[in-house]
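User: I've just started reading protein models. Please take me through this one, a question at a time.

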Amino acid sequence: MSAQQRSALFIDGANLYAATKALGFDIDYRRLLKEFQARDNLIRAFYYTAMVEDQEYSSIRPLIDWLDYNGYRVVTKPAKEFTDSAGRRKIKGNMDIELAIDALELAPRIDHMVLFSGDGDFRSLVEAMQRRGVRVTVVSTIQTQPAMIADDLRRQADEFVDLVHLIPRVGRDPGERGVRSQGDGPPRGPRELPRELPREVADRPVARPNPGLETRYGIRQGDDTTEQ
């Protein structure tokens, strides 16, 4: 792909974790970021997850902290706990709305959206992005029984990439001491949480600067230079 093609990753954390667990491998998020930086001019990588706030320790917290310091924009919200009609304790943490709003706001500034999710609820979002001239690639898998991606979402995407084909390039070596996937527990030492701040990428000039975009996405408007 052209290095001039501007792209953004949108990762549905819970959905991606379920898919990788079903396939029996862990994501190496440093390798994943480098893989897509090599393909496009990657301007953003978002990671979405809900968190249970009343837990004394959350197994996903080390991953969230690492992502936040290493090139990802992490979007979280408190998960909601409720009791169903059978009296069973349930936890709800849907991030669809947050992901959709971010994607639509960023649509004028990207050419390519990469969505890591198989959730069929995103079909309408994919269609809306395509109407805005954005090409959409969906990453999930059909190698499980049942498939992790909804058929409607797969049909709507401009391109579907099966996670199985990405394992050699973004999978984590089980023998490595690195950042673990969601639910695997904390990294094994403080050296595995390097404090590398994400690179700020300048945006194309626009007629009217939008403070909201600069605050939320770190996009500087009216400046074609790239900050480190």
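Analyst: First, a term: a residue is buried under 20% relative accessible area, exposed over 50%, and partly exposed in between, using a 1.4 Å probe and protein chains only. This is a predicted model, where local features need pLDDT of at least 70, side-chain atom pairs count only at pLDDT 80 or more, and totals for chains, interfaces and linings use all residues. Residues are numbered from 1 along each chain as its sequence is written, and side-chain values use heavy atoms, leaving out hydrogens and water.

User: Then is Asp65 buried, partly exposed or exposed?

Analyst: Asp65 has a relative accessible area of 30%. Since buried needs under 20% and exposed needs over 50%, that value falls in between. So Asp65 is partly exposed.

User: Which residue forms a salt bridge with Asp65?

Analyst: A salt bridge puts a side-chain nitrogen of Lys or Arg within 4 Å of a carboxyl oxygen of Asp or Glu. Here the closest N and O atoms are 3.4 Å apart. The two residues sit in helix α3 (residues 61-69), four places apart, or about one turn. Asp65's partner is Arg61.

User: Which residues of α3 are buried?

Analyst: Helices here are DSSP runs of H or I with at least four residues, and strands are runs of E with at least two, numbered from the N terminus. The buried residues of α3 pack against α2, β2 (41-51) and β3. The helix lies across β2 and β3, at about 155° to β2. Those buried residues are Pro62, Leu63, Ile64, Trp66 and Leu67.

User: What is the strand order in the open sheet?

Analyst: Two strands pair when DSSP finds at least two bridges between them. The sheet has six strands with parallel pairing, and its twist averages 20° from one strand to the next. At the edges, β3 and β8 each pair on one side only. Read across, the order is β3-β2-β1-β6-β7-β8.

User: How many bridges join β1 to β6?

Analyst: These strands cover residues 6-12 and residues 112-116, and they run parallel. One of the pairings puts Ser7 opposite its bridge partner His112 in β6. The number of bridges joining β1 to β6 is five.

User: And over at β7 and β8, which residue is the bridge partner of Ser140?

Analyst: Strand β7 (residues 135-140) and strand β8 (residues 159-162) pair in the parallel sense over four bridges. Ser140's bridge partner belongs to β8. That partner is Asp162.

User: What handedness does the crossover from β7 to β8 have?

Analyst: Between the two strands the chain passes through helix α6 (residues 151-156), making a β-α-β crossover. With the strands pointing away from you, a clockwise path from the first strand over the helix to the second counts as right-handed. This crossover is right-handed.

User: Which bond between Gln145 and Pro146 should I look at, cis or trans?

Analyst: Pro146 is in the loop between β7 and α6. Omega at the Gln145 to Pro146 bond is about 0°. The peptide bond there is cis.

User: How do α2 and α7 sit relative to each other, roughly parallel or roughly perpendicular?

Analyst: They pack at about 105°, with axes 9 Å apart; axes are lines fitted to C-alpha atoms over the stretch in contact, and angles run from 0 to 180 degrees between N-to-C directions. Contact (heavy atoms within 4.5 Å) involves Arg31, Leu32, Glu35, Phe36 and Arg39 of α2 and Leu166, Pro168, Arg169 and Val170 of α7. Angles of 65 to 115 degrees count as roughly perpendicular, under 35 as roughly parallel, over 145 as roughly antiparallel and the rest as oblique. So α2 and α7 are roughly perpendicular.

User: Which residue forms a salt bridge with Arg169?

Analyst: The pair links helix α7 (residues 163-170) to helix α2 (residues 29-39), and its members are 134 residues apart. Arg169 is partly exposed at 38%, whereas its partner is buried at 15%. The closest N and O atoms are 3.0 Å apart, and the partner is Glu35.

User: Which residues share a salt-bridge network with Arg169?

Analyst: The whole structure has eight salt bridges. Some share partners, and one network of this kind contains Arg169. The others in it are Glu35 and Arg39.

User: Last one: what is the relative accessible area of Leu163?

Analyst: Leu163 is in helix α7. Beyond its sequence neighbours up to four places away, Leu163 touches residues including Leu16, Leu23, Phe25 and Val139. Leu163 counts as buried, with a relative accessible area of 1%.
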